[in-house]
Amino acid sequence: MVCEFHVTEIGHSPLDVVAWHGNYSPYKYDLRTYSPVGAILFDHPDPSIFTVLTAPTEEAGTANVDFVIFPPRWLVAEHTFRPPWYHRNIMSEFMGLIYGQYDAKEEGFVPGGMSLHNMMLPHGPDSMGFEKATSVELTPQKLDKTMAFMFETRYPQQLTEFAANLESLQDNYLDCWTGLDRKFDGNPSPK
Ligand SMILES: [Fe+2]
């Protein structure tokens, strides 16, 4: 897959308007100044803990849309699988990587790339990410020089025809989980 950045110059800004509709207004925020919080002993909190902006609903645990980021941060938890765990949930997750590397995808998720996991679709770290996270010594590590973002919403997302037919669509995305072995045999307390 070939990825390129493109540059264009225009004589005005899209924000150059006379008035705004309703109470909408543009806002520019440097995501690098956001201070993340996380586990400082063990376990892995729900990634929603990195929410920067939210449009809540009356139902606890769901949002119309959350804007979440994954900025540089320290990983220090002990006895813990540190990347996001395998899960499926009611929220549709549209993710993008701005720069650096995302800790749950060792390959294939490049800066400028996007992924969509719709509601109730199981997902989690790729095989390489799993192997690394389960074999590496759990010393304090800094995930540095990285910035990923996610819009998560309680509504299912649909692709536009344009997006569905992009040449850069990754047809073999499923392969990132190839090689993951079943680790659980149904016995909650193996000897
Ligand atoms: Fe997720």
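The exercises below work through a predicted model of a protein with a bound iron ion.

**Exercise 1. Overall layout**

Determine how many helices and strands the protein has, and in what order the elements run.

Solution.
- Step 1: The protein contains two helices and seven strands.
- Step 2: Read from the N terminus, the order is β-β-β-β-β-α-β-β-α.
- Step 3: The C-alpha trace spans about 70 × 35 × 35 Å along its principal axes.
- Step 4: Of the 191 residues, 29% count as buried.

**Exercise 2. The iron site**

Identify which atoms coordinate the iron ion, and classify the geometry of its site.

Solution.
- Step 1: The donors are NE2 of His87, two OE atoms of Glu93, and NE2 of His123, at 2.0 to 2.3 Å.
- Step 2: Along the chain, these donors follow the spacing H-x5-E-x29-H.
- Step 3: The angles among the four donor atoms run from 60 to 162°. A tetrahedral assignment requires all angles to lie between 85 and 135 degrees, so the range of 60 to 162° excludes it.
- Step 4: The site of the iron ion is classed as irregular. For reference, the ideal angle for four tetrahedral donors is 109.5 degrees.
- Step 5: Of the coordinating residues, His87 and Glu93 are both buried.

**Exercise 3. The salt bridge**

Find how many salt bridges the whole structure holds, and state how accessible the partners Asp30 and Arg32 are.

Solution.
- Step 1: A search of the whole structure gives one salt bridge.
- Step 2: Asp30 pairs with Arg32, and their closest N and O atoms are 3.0 Å apart. The cut-off for such a pair is 4 Å, so the contact qualifies.
- Step 3: Asp30 has a relative accessible area of 35% and is therefore partly exposed.
- Step 4: Arg32, at 62%, is exposed.

**Exercise 4. Two side chains with polar contacts**

Decide whether His117 and Thr62 are buried or exposed, and list the polar contacts of their side chains.

Solution.
- Step 1: His117 belongs to strand E5, residues 114-117.
- Step 2: The relative accessibility of His117 is 5%, so this residue counts as buried.
- Step 3: The side chain of His117 makes a polar contact of 2.8 Å with the side chain of Tyr173.
- Step 4: Thr62 sits in the loop between E1 and strand E2 (63-70). Its relative accessibility of 15% falls under the 20% limit, so Thr62 is also buried.
- Step 5: The side chain of Thr62 contacts the side chain of Thr57 at 2.9 Å, and reaches the backbone oxygen of Glu59 at 3.0 Å.

**Exercise 5. Positive phi**

Locate His79 and Lys145, give their phi values, and assign their exposure.

Solution.
- Step 1: His79 lies in the loop between strand E3 (73-75) and strand E4 (92-99). Its phi is positive, about 50°, although His79 is not a glycine.
- Step 2: With 79% relative accessibility, His79 is exposed.
- Step 3: Lys145 is placed in the loop between strand E6 (141-143) and strand E7 (147-153). Lys145 likewise has a positive phi of about 50° without being a glycine.
- Step 4: Lys145 has 63% relative accessibility and counts as exposed.

**Exercise 6. A nonpolar patch**

State which residues make the nonpolar surface patch, and where Trp20 is placed.

Solution.
- Step 1: Leu15, Val17 and Trp20 form a patch of about 290 Å².
- Step 2: Trp20 is in the segment before strand E1 (51-56).
- Step 3: The relative accessible area of Trp20 is 41%, so Trp20 is partly exposed. Patch members need over 30%, a limit that Trp20 passes.

Technical notes
Residues are numbered from 1 along each chain as its sequence is written. This is a predicted model: local features need pLDDT of at least 70, side-chain atom pairs count only at pLDDT 80 or more; totals for chains, interfaces and linings use all residues. Side-chain values use heavy atoms; hydrogens and water are left out. Patches are made of residues with over 30% relative accessible area and no salt bridge: like charges are joined within 9 Å, nonpolar side chains (Val, Leu, Ile, Met, Phe, Trp, Tyr) within 5 Å. Accessible areas come from the Shrake-Rupley method with a 1.4 Å probe; for residues, only the protein chains shown count as cover. A salt bridge is a side-chain nitrogen of Lys or Arg within 4 Å of a carboxyl oxygen of Asp or Glu. Helices (H or I, at least four residues) and strands (E, at least two) are DSSP runs, numbered from the N terminus. Buried means under 20% relative accessible area, exposed over 50%, partly exposed in between (1.4 Å probe, protein chains only). Donors are N, O and S atoms within 2.8 Å of the metal (3.2 Å for Na, K and Ca); water is not among the atoms, so sites may look incomplete. Four donors count as tetrahedral if all angles lie between 85 and 135 degrees; four count as square planar and six as octahedral if opposite donors are over 155 degrees apart and all others between 65 and 115; anything else is irregular. A polar contact is a pair of N or O atoms within 3.5 Å; within protein, one must be able to donate a hydrogen and the other to accept it, and residues adjacent in sequence count only if both atoms are side-chain atoms.
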